[in-house]
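Dear colleague,

I am passing on the structure we spoke of, with the sequence alongside, and would be glad if you could look through it when you have time. My notes on what was found follow below it.

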Amino acid sequence: MTALLSVQNLSVAFGATTVVSGVSFDVQPGECIGIVGESGSGKSVTARALLGLAGPRSTVTADALRFDDTSIADAPPRRLRSLRGRDIGYVSQGALVALDPLRTVGREIGDSLRLHGGLNARQRSERVQSLLADVGVPEPGVRAGQRADQLSGGLRQRAVIASAIALGPQLLIADEPTTALDSTVQAGILDLLDRLRSEGTALILISHDLAVVSRLASRVLVMRGGRIVESGTTARVLTAPRHPYTRQLIAAVPTDRPRGTRLGAPGPGAPFGNSGDPSEAGPVASARPFGNSGDRAEDALETAVPSGSAPRVPEFPKGADGGPGAARGGAPEFPKGTGAAGAREAVVEATGLVRRFGDRLAVDDVGFVLERGRTLGVVGESGSGKTTVARLVLALDRPDAGEVRVLGEPWSAVPERDRRGRRPLVGAIYQDALSSFDPRATVGAILADALSGGRSRRPGTEVAELLEQVGLDSSVAARRPRLLSGGQQQRVAIARAIAPRPRVIVCDEPVSSLDVSVQAQVLDLLDELQRDLGLSYLFITHDLGVVRHVSDDVLVMRDGRVVERGPTEAVFEDPQHEYTRRLLASAPRIAGAAPRG
Amino acid sequence: MEVVSLLVIAFLAVAALAPFLLAPGDPLAIDPLDSFQPPSPAHVFGTDESGRDIFTRIVHGTGASLTIGLAATAIGLGLALVFGLLAGFGPRWLDFGTTRLLEVLFAFPGLLFALLFIVVYGPGVVTSTIAVGLSTAPGYARIIRSRVIQVRTSPFLEASVVLGRSARFRIARHVLPNVAGSLFVLATLGVGQSIVWASSLSYLGLGAVPPAAEWGAMLSAGRTYISSFWWMTFFPGLFIVLSAAATTLLGRAIQQRGRES
């Protein structure tokens, strides 16, 4: 069988900097290969080089770069264009902005048909509709007449895929096709790609997310620093990774990795256990005596549920303490009553929160108790109201009904003037750390400001200590946040959040825009700080793997309501609500590494 | 480009602050025997109908033109800052009122507005400066308002609320410095425009009054003779264009740099 695409010793350089070197692989017809790596590993550049789109300032060299019978490296621009349109489909990374906002989706998809297809207008519009129906867009006739901003993220992504497959390409290159999508939507897109593959389209799937790639790809290439460090069949790479970096990547995926386990690499060459390895989890978990004892959380949550709303919230099974989750977490089980049960201080109490926007109930009767030193995860998809809950707890927004109390005293019910003095009790970190910093300030000024309560912007020794606490060098103080990497920015944000010595930190999707291994480091840092400072976290995320890893208890939100709540392991092991089950089923997980995956 | 515009601005600055260094002659000294001389080594830019040296007059007129440009921009921006901050920070009704008022002012062409003002208060350098300042204010105000709102609703201001900072602190520490950056760019861009406007008013006889050396007024005086003695209009015009272009280019360059860094 001859390969559909053959790449031999591909190198791409921008000026004097080589960003991809010595990359070789083949793609057989109808095969899906995955390219995994972090930002800057050269995976996107590789994909663009295959399309002849590496850019005017790039130098692409290869011993062979052949698609079917065409040598991509030598092809004239005209041939390249027809190759791109007809034979190779490309779903770009910024798919959410890949559609022209001023044109209808139908016209966008029709473009490639018009340029390469030779159909008349009516045939084209019929073909567009059948394509949209094909990729699972409901009411294709209506949707074809709409513009990109009228479609949801998932529908837009489907439209982009529709335009990429409009001419029935033999090869589809999808660059991070599901990043930034909710997990159920992501599952739908991956199913769609899988179907296309089974219908005979070869697929190159590029992602930083090993779990996503492992769902579709039969072979995986792991890239780092522009080189392929490991390649092989998906099953082999996941179950018996040879390169330390691959092991690190697999270990960093938080899915199915229980509470209290470190995600980051303990050091090069150290053995990496699979999830649930007690030797790894033990010492950390025992440092947090109540890490996983489900019964304690149950008490707290039950008292938190207002009696009126109790019937709506499904009760999780009694005896969660003996559930498989607690055992799997590797945490030592404590007999009931240890540590004077119930004596734990409630840091945040929310009761019956309601927030209306127009006619829509963004938050509908949400209540919870967050205790000292614990983490409450709030999961849900976009629009589920989880961010509104965060804003209510941060008192950036006032609830229409219900109340938030902090350390037992009124919080949401008092005017801002009275709350201001107690603001330092509640910190926050955000998804986009960079935009939460004043663009004019240096890291040192930001932290000095937070430490001094706004009285000083001159960094002193305290700033250096604070930076050290979050694992940054003190030289960072002189730099501006936008010159730091995403992980470093988030560390600075964490440093700012802990500077006023808060009791609770509201984390709104703090790791969602970070690479998996950086995400692991940030999560580990948060875990460390929680232990050292006795912090409580309200952890908002759409990522089920992350929430499972970080939280003691979890609230599952949908359409503003809490549909399920309970100790994290109990909810994940035995979800009671149908929506939770669907959500869990849609989460991509690494087949080989998960015991029950 | 930036170097050239910097050189032009340096020349203009010297001309405005110490005109005698560049042109030792008297800009008002007439010499009827020497009238209408074309550009020559003795008179680089030629002479006008009264035999006054045009180069000397242009150099000495720089001060007036630049002052008008700077002062008008300052007036415009000052007013705009007040309106922009009111609209950006005030309660919703105030924002609404201010924005509508600005829209009404926008409906008049800027120059018409300036003319109206001069009709009421009489021609002169001061009135034309104020008039130009007033008529540029609505445009600036709109930009400042949107910038204030952009900064005020930005995540880092929210972060500041979470840290427990008062509204006054947030305005002083975050909003004003961030607005000031764009204000500076606006100002450099605006000076060029104001020079052109002020010259236009003088050209219409509503600004500087003859025989004062002012570019617009010189342009106007040369208009009568434009078919025979081109240099009388060409050189004042050239300087208006040069100064406007130089400040605008500089503003652009600053803007660009701000965006990149």
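Please keep in mind throughout that this is a predicted model. I begin with a pair of residues in one of the sheets of chain A, where A:Val506 stands opposite A:Leu538 of β19(A). The two strands concerned are β18 of chain A (residues 504–508) and β19 of chain A (residues 536–541), which run parallel and are joined by five bridges. They belong to an open sheet of six strands with mixed pairing, whose order in chain A is β17-β18-β19-β14-β20-β21. At its edges are β17 (426–429) and β21 (561–567) of chain A, each of which pairs on one side only, and neighbouring strands of this sheet are turned by 15° against each other on average, with direction ignored. Across β14 (375–379), β18, β19 and β20 (553–558) of chain A lies helix α14 (residues 386–393) of the same chain, running at about 150° to β19(A).

A second open sheet in chain A has four strands in the order β13-β12-β15-β16, and here the pairing is antiparallel. Because β13 (360–371) and β16 (409–410) of chain A stand at the edges with a single partner strand each, one side of each is left without a neighbour in the sheet. Helix α14(A) packs on this sheet too, touching β12 (346–357), β13 and β15 of chain A, with its direction at about 120° to that of β12(A). At the β16 edge, strand β15 (residues 401–406) of chain A pairs with β16(A) in the antiparallel sense over two bridges, and A:Arg405 has A:Pro410 in β16(A) as its bridge partner.

Towards the start of chain A, strands β1 (residues 5–14) and β2 (residues 17–27) pair in the antiparallel sense over seven bridges, and the bridge partner of A:Leu5 in β2(A) is A:Val27. The two strands form a hairpin with two residues between them, and in that turn A:Gly15 has a positive phi of about 65°.

Taken as a whole, chain A comes to 22 helices and 21 strands, and 51% of its 597 residues count as buried. Of the contacts in chain A between residues at least 6 apart in sequence, 68% join residues at least 24 apart.

Turning to chain B, helix α4 (residues 92–107) and helix α6 (residues 125–152) of that chain pack at an angle of about 140°, with their axes 9 Å apart, and it is because of this angle that α4(B) counts as oblique to α6(B). The crossing of α4(B) and α6(B) is left-handed. From α4(B), the residues B:Leu102, B:Leu105 and B:Phe106 meet B:Pro138, B:Ala141 and B:Arg142 of α6(B), so that by class this contact has five nonpolar residues, no polar ones and one charged one.

Finally, where the two chains meet, 15 residues of chain B are in contact with 16 residues of chain A. On the chain B side, the elements that give two or more residues are α7 (155–162) and α8 (167–203) of chain B, with α7(B) giving the most, at six residues. By class, the residues on this side of chain B divide into eight nonpolar, five polar and two charged.

With best wishes

Definitions and conventions. Residues numbered from 1 in each chain as written. Chains lettered and ligands numbered in written order. Predicted model: local features only at pLDDT ≥ 70, side-chain atom pairs only at ≥ 80, totals over all residues. Pairing = 2+ DSSP bridges. Axes fitted to C-alpha atoms, helices over the stretch in contact; angles between N-to-C directions. Contact = placed C-beta atoms within 7 Å. Buried ≥ 20, exposed ≤ 12 C-beta atoms within 10 Å, placed from the backbone. Parallel < 35°, antiparallel > 145°, perpendicular 65-115°, else oblique. Left-handed = near helix turned anticlockwise from the far one by under 90°.
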